[in-house]
Amino acid sequence: MSLELKNIYKIYPNGYQAISDFNLKINDGEFIVLVGPSGCGKSTTLRMIAGLEDITHGDFFIDGKRVNDLPPKDRGIAMVFQSYALYPTLTVYENMAFGLDLAGFDEDIIKKRVTETAEILGLTQYLDRLPKALSGGQRQRVALGRAIIRKAKIFLMDEPLSNLDARQRVNMRSELIRIHRDIGATTIYVTHDQIEAMTMATRIVCMDVGVIKQVGTPEELYFHPKNLFVAGFIGDPPMNFIRGHVADGTFTSNDGYYTFPLGLSGDALAKVNNRDIVVAYRPEHAIWHPKAEESEELVPMKGKVEVYEMLGDIQNVYLNVGKEKAIIKAAPDESVLIDSEINYYVKKSDFHLFDAKTEEAIEL
Ligand code: ADP
């Protein structure tokens, strides 16, 4: 099913405006991830879609029909929360069958659906167990099963993986992608974790204090962030920012630590010249051993190692750069010593430029 949120506002009874002018069209079968820091309004948005929270202003459509006032149970929506809310005294089978039982379905149909759903979720061998005899990941799958079994057309999920340990989370991420592919239901998933957003979404909606900062595919948000907020939020470790000013095509950082020509001319130069801008680059764009032929393109950078993290396949190196900080990645065999000076390079073409005042990306 398709959904559309048009000029949606949410003002809570205490006067707090949690959502402002939220506009989004969701196509049938999409996996949309709402991502943003805690308190930015993700759950509020999800709860308005579910009908658990009134919409203060604006219009909400499901398949073209305005449903602002439709009760939750009539919206064809299933919700999965972070707490699994399973009945502790009922078996996996009974937990999954519960909703259908209540709705008065025949025993045969219930059995068929539970069997099918258990198959999809890999729960067939656990149907007789009580929730307490399951792992966190298995319990989450049962909770998911209760939503799937109703054959809902729209799935809403609010941080469903946050109670799982790191390995279970990774497993469940690929599990959810597979289940979504099998079932094809339109899914809206809320998380503060940008890795979940990057790995699962067909499109990401990145939010900050009640507004949408960017909507796009994971690739669009990663490679073409529209503003400083998205640039800083998507990516781990986050992008590095250098604030400064451009004069005669040369960028000078506000602290005077860096001065380098941006290598721009014509229209591109005109867009940034005599402006306060932010030069940004991703940690993985630090080049440790440049090839001679690249030298024209490279900007030399340096910093003092404060800490480093060896992750096995890569190292994250935290640098003090004058009074500022930077994080760069290094190959695992690179020798990194605390307090040592590191010289590295970044390609000018890997820079993202932002207007310092509006914080919007400058497209060259
Ligand atoms: P998120 O899910 O992104 O963490 P929420 O949607 O839960 O954010 O909350 C968004 C903002 O609205 C927060 O600042 C929160 O404190 C506020 N908020 C949530 N529920 C209420 C409420 N019932 N009354 C007033 N403010 C609320």
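Modeller: On a 1 Å grid over the protein atoms alone, a cavity is a set of points where a 1.4 Å probe fits but cannot get out; its lining residues have an atom within 4 Å of a point. This is a predicted model: local features need pLDDT of at least 70, side-chain atom pairs count only at pLDDT 80 or more, and totals for chains, interfaces and linings use all residues. Residues are numbered from 1 along each chain as its sequence is written, and side-chain values use heavy atoms, with hydrogens and water left out.

Biologist: How many cavities of 30 Å³ or more does the structure hold?

Modeller: Grid points are joined across faces, edges and corners, and a volume is the space filled by probe spheres set on them. The largest cavity has about 100 Å³ of space, and the second largest about 80 Å³. At 30 Å³ or more, the number of cavities is two.

Biologist: Which strands give two or more residues to the lining of the largest cavity?

Modeller: This cavity is lined by 13 residues, and those nearest its centre are Phe241, Ile242, Tyr258, Val321 and Lys325. Strands (E, at least two residues) and helices (H or I, at least four) are DSSP runs, numbered from the N terminus. Two or more lining residues come from strand E11 (240-247) and strand E17 (324-330).

Biologist: How many charged residues are in the lining of the second largest cavity?

Modeller: Ala, Val, Leu, Ile, Met, Phe, Trp, Tyr, Cys and Pro count as nonpolar, Asp, Glu, Lys and Arg as charged, and the others, Gly among them, as polar. The lining includes Phe31, Leu144, Phe155, His180 and Thr187. By class there are nine nonpolar and two polar residues; the charged count is zero, given as no charged residues.

Biologist: Which element supplies the largest share of that lining?

Modeller: H4, strand E7 (154-158) and helix H5 (166-183) each supply at least two residues. The largest share is four residues, and it comes from H5.

Biologist: How much space lies in the largest pocket?

Modeller: A pocket is an open set with protein on both sides within 12 Å along at least five of seven lines. Strand E6 (77-80), helix H2 (92-102) and helix H4 (136-148) each supply at least two residues of the lining of the largest one. That lining divides into 15 nonpolar, three polar and three charged residues. The space is about 550 Å³.

Biologist: Which residues are the closest to the centre of the largest pocket?

Modeller: The lining has 21 residues. Closest to the centre are Ala78, Met79, Phe81, Arg146 and Arg150.

Biologist: Which strand gives the most to the lining of the second largest pocket?

Modeller: This pocket has about 350 Å³ of space. Of its 18 lining residues, Phe351, His352, Leu353, Ile362 and Leu364 are the closest to its centre. With three residues, the element that gives the most is strand E19 (residues 352-355).

Biologist: What share of the ligand's exposed area does the protein bury?

Modeller: Polar contacts are pairs of N or O atoms within 3.5 Å. Ligand oxygen atoms lie 2.9 Å from an N or O atom in the side chain of Lys42 and 2.8 Å from one in the side chain of Ser43. Accessible areas come from the Shrake-Rupley method with a 1.4 Å probe. Taken alone the ligand exposes 570 Å², and the share the protein buries is 63%.

Biologist: Which helix gives the most to the shell around the ligand?

Modeller: A residue belongs to this shell if one of its heavy atoms lies within 4 Å of the molecule. Among the residues there are Tyr12, Pro37, Gly39 and Thr44. The shell has five nonpolar, six polar and one charged. With three residues, the one that gives the most is helix H1 (residues 42-50).

Biologist: Why does Val209 count as exposed?

Modeller: Val209 lies in the loop between strand E9 (203-208) and strand E10 (211-216). Its phi is near 25 degrees, positive in a residue other than glycine. Buried means under 20% relative accessible area, exposed over 50%, and partly exposed in between (1.4 Å probe, protein chains only). Val209 counts as exposed because its relative accessibility is 59%.

Biologist: Is Glu359, with its 33% relative accessibility, buried or partly exposed?

Modeller: Glu359 is found in the segment after E19. Its phi is also positive, at about 65 degrees, although it is not a glycine. At 33% relative accessibility, Glu359 counts as partly exposed.

Biologist: What is omega for the cis peptide bond from Asp236 to Pro237?

Modeller: Pro237 has its place in the loop between helix H8 (228-233) and E11. The bond from Asp236 is cis, with omega near -5 degrees.

Terms used: Polar contact = N/O pair within 3.5 Å; in protein donor to acceptor, adjacent residues only side chain to side chain.
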